[in-house]
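Hi everyone, thanks for making room for me today. Please have the sequence and the picture open while I talk, and stop me whenever you like.

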Amino acid sequence: MAGADLEWLAAYGGKGGACFDAASAPADDKAMREQFHYVEKSADASKKCGGCAFFTGDAAACGTCSVFSGPANGGGHCDSWAARS
Ligand code: SF4
């Protein structure tokens, strides 16, 4: 994980068990996540961030999403989910 990503996680992630903290995130990032219906817990066990092509990091914890350029929960989901090949 790149240094900038780790800074992002430290600033906005990991609060209250969530990887993404909407309360402290920049408004544009929050709006984009709302647009793509990002959730910390996927309703579909077969489509979690941890198995998404855009996710890097620990699938059992918090990682980084390249679509949002910020933290994502390994168990999360959004409309841009794509199976990792
Ligand atoms: S694109 Fe969506 S599903 Fe994929 S890692 Fe990012 S937030 Fe998770």
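Let's start at Ser69: is this residue buried or exposed? Ser69 is exposed, because only 12 or fewer C-beta atoms may lie within 10 Å for that label, and Ser69 has 12 others within that distance. Please keep in mind that we are looking at a predicted model.

Where does Ser69 sit? You will find Ser69 in the loop between β2 and β3. Those two strands make a hairpin with 4 residues between them, and Ser69 belongs to the turn. Now look at its backbone: phi of Ser69 is near 50°, which is a positive value in a residue other than glycine.

There is another residue of that kind for you to find, His37. His37 is not a glycine, and yet its phi is positive, about 55°. His37 lies in the loop between α2 and β1. With 10 C-beta neighbours inside 10 Å, His37 counts as exposed.

Let me step back to the whole chain. What elements does the protein chain have? It has 2 helices and 3 strands, and from the N terminus on they run α-α-β-β-β. Helix α1 covers residues 3–12, and α2 covers 27–35. Buried residues account for 33% of the 85 residues in the chain. Here is a number about how the chain folds back on itself: among contacts between residues at least 6 apart in sequence, 60% join residues at least 24 apart.

Now the sheet. In general, strands of a sheet pair through backbone hydrogen bonds, either parallel or antiparallel. Which way does it go here? The 3 strands form an open sheet in the order β1-β2-β3, and the pairing is antiparallel. The edge strands are β1, residues 55–57, and β3, residues 70–73, and each of them pairs on one side only. On average, neighbouring strands of this sheet are turned by 45° against each other, direction ignored.

Let's walk across it, strand by strand. A hairpin of 4 residues joins β1 to β2, and β2 spans residues 62–65. The two strands pair over 3 bridges, in the antiparallel sense. Phe55 has Cys65 as its bridge partner in β2, and Thr56 stands opposite Thr64. On to the next pair: β2 and β3 run antiparallel and are joined by 4 bridges. Thr64 turns up again here, with Pro71 as its bridge partner in β3. Cys65 does too, and its partner in β3 is Gly70.

So which residues does Cys65 touch, if we leave out those up to four places away in sequence? They are Cys49, Phe54, Phe55, Gly70 and Ala72. Several of these names come back in the largest nonpolar core, which has 13 residues. The ones that touch the most other members are Cys19, Phe20, Cys49, Cys52, Phe55, Cys65 and Ala72.

Let me pick Cys49 from that list. Cys49 is found in the loop between α2 and β1. Why does it count as buried? Because 27 other C-beta atoms lie within 10 Å of its own, and 20 or more are enough for that label. Leaving out residues up to four places away in sequence, Cys49 touches Phe55, Gly63, Cys65, Ala72, Asn73, Gly74, Gly75, Gly76 and His77. You can also find Cys78, which is 29 residues from Cys49 along the chain, while their C-alpha atoms are separated by 7.9 Å.

Compare that with Ala25, in the loop between α1 and α2. Ala25 counts as buried with 20 C-beta neighbours inside 10 Å. Ala25 and Gly70 are 45 residues apart along the chain, and 9.9 Å separates their C-alpha atoms.

Last stop: the ligand. Which of the 14 residues around the ligand come nearest? They are Cys49, Cys52, Phe55, Cys65 and Cys78. What kinds of residue make up this shell? The shell divides into 11 nonpolar residues, 3 polar ones and no charged ones.

If you take one residue home, take Cys65: it pairs with Phe55, it pairs with Gly70, and it is among the residues that come nearest to the ligand. Thanks for listening!

Notes. Residues are numbered from 1 along each chain as its sequence is written. This is a predicted model: local features need pLDDT of at least 70, side-chain atom pairs count only at pLDDT 80 or more; totals for chains, interfaces and linings use all residues. Two strands pair if DSSP finds at least two bridges between them. Axes are lines fitted to C-alpha atoms, for helices over the stretch in contact, and angles run from 0 to 180 degrees between N-to-C directions. A nonpolar core is a set of buried Ala, Val, Leu, Ile, Met, Phe, Trp, Tyr and Cys residues joined through C-beta atoms within 7 Å. Two residues are in contact if their C-beta atoms, placed from the backbone, lie within 7 Å. A residue is near a molecule or strand if its C-beta atom, placed from the backbone, lies within 6 Å of it. Ala, Val, Leu, Ile, Met, Phe, Trp, Tyr, Cys and Pro count as nonpolar, Asp, Glu, Lys and Arg as charged, and the others, Gly among them, as polar.
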